[in-house]
Amino acid sequence: MNPIIRYLLLAFAWLCFALGVVGIFVPVLPTTPLVLLATFICARCSPRCHRLITGSKVYRRYVTPFKEAGGMTVKAKMRMLVISCAVLAISAALVRRPLVWIILSCVAVFLLYLVCVRIPTVSPDEVILPDEQPELP
């Protein structure tokens, strides 16, 4: 692979990973898809960077359980919705503009749709938490 293209792809992968980390705290930014994209790109360009991302706490906490179980538990969905709605409500209270309220309301409705309809719900028994994963020799 051309070194310039490789470095551009790696820069894009780390940007995706950074945005995924920010997505933990920002309701609209999706954590899991951005971290997965970064992992995919790094797998093609740099095995070392791929190991760094897959070994990170963010990957183990957000991506691994989703990949293993194929969805989220009700508890995880509720936690996500409570935090996201709290951040949206604080934003609406601070800005106090009707246009911003409309936009934040649309974001909240879209988030509810994603969490309640699009993301599958799995039982807690199906999810392997990062602390419960077996150690490899």
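Buried, for a residue here, means under 20% relative accessible area. Keep that cut-off at hand for the cysteine stops below. The model on screen is predicted.

Start with the whole protein, shown as a cartoon. Six helices and zero strands appear, and reading along the sequence gives the pattern α-α-α-α-α-α. Turn the view along the principal axes: the C-alpha atoms fill a box of roughly 50 × 40 × 20 Å.

Next, show contacts. Of those in the protein with a separation of 6 or more, 64% link residues 24 or more positions apart.

Now select C42 and C49 and show their side chains. The structure holds zero disulfides. C42 is in no disulfide, and its nearest cysteine sulfur belongs to C49, 4.9 Å away. C49 is likewise in no disulfide, with the sulfur of C42 as its nearest cysteine sulfur at 4.9 Å. The cut-off for a disulfide is 2.5 Å between the sulfur atoms, so a 4.9 Å spacing does not count as one.

Are these two cysteines buried or exposed? C42 is buried, at a relative accessible area of 0%. C49 has 10% relative accessibility and, because that is under 20%, counts as buried too.

Switch to a surface view. The protein exposes about 9400 Å², and 70% of that area comes from carbon and sulfur atoms. Buried residues make up 31% of the 137 residues.

Last, colour the surface by charge. The protein has 14 positive and 6 negative charges, and the mean positions of the two sets lie 17 Å apart.

How values were computed
Residues numbered from 1 in each chain as written. Predicted model: local features only at pLDDT ≥ 70, side-chain atom pairs only at ≥ 80, totals over all residues. Heavy atoms only, no water. Buried < 20%, exposed > 50% of the residue type's maximum accessible area, 1.4 Å probe, protein only. Helix = DSSP H or I, 4+ residues; strand = E, 2+ residues; numbered from the N terminus. Contact = heavy atoms within 4.5 Å. Areas by Shrake-Rupley, 256 points an atom, 1.4 Å probe, with all protein chains shown as cover. Lys, Arg positive; Asp, Glu negative; His and termini not counted. Charge placed at Lys NZ, Arg CZ, Asp CG, Glu CD.
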